[in-house]
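Dear colleague,

Please find below the structure that I am handing over to you. My notes on what was found in it follow directly after it.

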Amino acid sequence: MLRAAFRRHPAGVAVVTARGGRLAGFTATSLTSVSAEPPLVSFGVGAASGSWAVIAETEHVGVHLLGEHQRELADTFARSGVDRFAPPTRWREGPEGVPLLESVPVWLVCRVVARVPAGDHRVVVAEVVAGDPAGPGRPLVHHDGRYNALRD
């Protein structure tokens with residue numbers, strides 16, 4: 001029932017990236033603004049996912065708010081068993097060595113301050129230490145199992 005209920009709840013689409021012994025990243029619709037002072041965000045990550053193994057150990061993560069022009073990028077980071085950072089994904093190394101995706105409307109570099117067990121997931125709380133909210137595009141939204149653009 002929970003999955004069916006939340007299919008009806010629209011959410012912004014983000015990609016979280018990290019670097020540990022390897023690059024990791026995943027598509028998230030669980031991103032939340034937690035606090036303005038200090039600036040904190042949170043997101044959930046599956047405890048059994050390969051990305052969790054990296055995020056469990058790293059000090060910093062990248063948070064990218066995707067634009068409506070980035071449906072394929074959202075699909076790439078939602079897919080398992082592929083190199084999410086291989087072409088055509090465009091990225092660069094950002095502050096704190098965090099992989100930053102190119103052409104996103106917003107990117108943030110965040111310092112992990114808490115990892116909280118929550119059922120089969122972990123909730124990560126992170127403090128924003130750098131970012132740029134001035135990238136191109138309108139937001140990508142996930143609703144009813146698919147990606148959508150906002151309508152005026």
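I begin with the contacts along the chain: of those between residues at least 6 apart in sequence, 64% join residues at least 24 apart. Please bear in mind that this is a predicted model.

As to the overall architecture, the chain has three helices and 12 strands. Its radius of gyration is 14 Å, which agrees with the value near 15 Å that a compact globule of 152 residues would have. The C-alpha trace spans about 40 × 40 × 35 Å along its principal axes. Of the 152 residues, 39% are buried. The chain exposes about 8,500 Å², and carbon and sulfur atoms supply 52% of that area. There are 16 positive and 15 negative charges, and the mean positions of the two groups are 8 Å apart.

Two buried residues deserve a description. The first I would point out is Ser 51, which is found in helix H2, residues 50-55. Ser 51 counts as buried because its relative accessibility is 5%, and the cut-off for buried is under 20%. A polar atom of the Ser 51 side chain lies 3.2 Å from the backbone oxygen of Gly 25. Gly 25 also appears in the list of residues in contact with Ser 51 once neighbours within four places in sequence are left aside; the others in that list are Arg 22, Ala 24, Phe 26 and Arg 84.

Thr 58 lies in the loop between H2 and strand S6, the latter covering residues 60-65. With a relative accessible area of 11%, Thr 58 is buried. Its side chain reaches the backbone oxygen of His 60 at 3.3 Å. Beyond its neighbours within four places in sequence, Thr 58 is in contact with Ala 18, Arg 19, Val 112 and Arg 115.

Ser 33, by contrast, is exposed, with a relative accessible area of 63%. This residue lies in strand S4, residues 32-35. The C-alpha atom of Ser 33 is separated by 22 Å from that of Glu 102, a residue 69 places away along the chain.

Several points of backbone geometry also call for your attention. A cis peptide bond joins Glu 37 and Pro 38, with omega at about 0°. Pro 38 is placed in the loop between S4 and strand S5 (40-46). Another cis peptide bond joins Pro 87 and Pro 88, where omega is about 15°. The loop that holds Pro 88 runs between helix H3 (71-78) and strand S7 (91-93).

Positive phi values in residues other than glycine are found at Glu 96, where phi is near 60°, and at Asp 144, where phi is near 55°. Glu 96 sits in the loop between S7 and strand S8 (99-101), and its relative accessibility of 56% means that Glu 96 counts as exposed. Asp 144 is in the loop between strand S11 (140-143) and strand S12 (146-149). At 42% relative accessibility, Asp 144 counts as partly exposed.

I hope that these notes are of use to you as you begin to examine the structure.

With kind regards

Key:
Residues numbered from 1 in each chain as written. Predicted model: local features only at pLDDT ≥ 70, side-chain atom pairs only at ≥ 80, totals over all residues. Heavy atoms only, no water. Helix = DSSP H or I, 4+ residues; strand = E, 2+ residues; numbered from the N terminus. Rg over C-alpha atoms; globule rule 2.2 N^0.38 Å. Buried < 20%, exposed > 50% of the residue type's maximum accessible area, 1.4 Å probe, protein only. Contact = heavy atoms within 4.5 Å. Areas by Shrake-Rupley, 256 points an atom, 1.4 Å probe, with all protein chains shown as cover. Lys, Arg positive; Asp, Glu negative; His and termini not counted. Charge placed at Lys NZ, Arg CZ, Asp CG, Glu CD. Polar contact = N/O pair within 3.5 Å; in protein donor to acceptor, adjacent residues only side chain to side chain.
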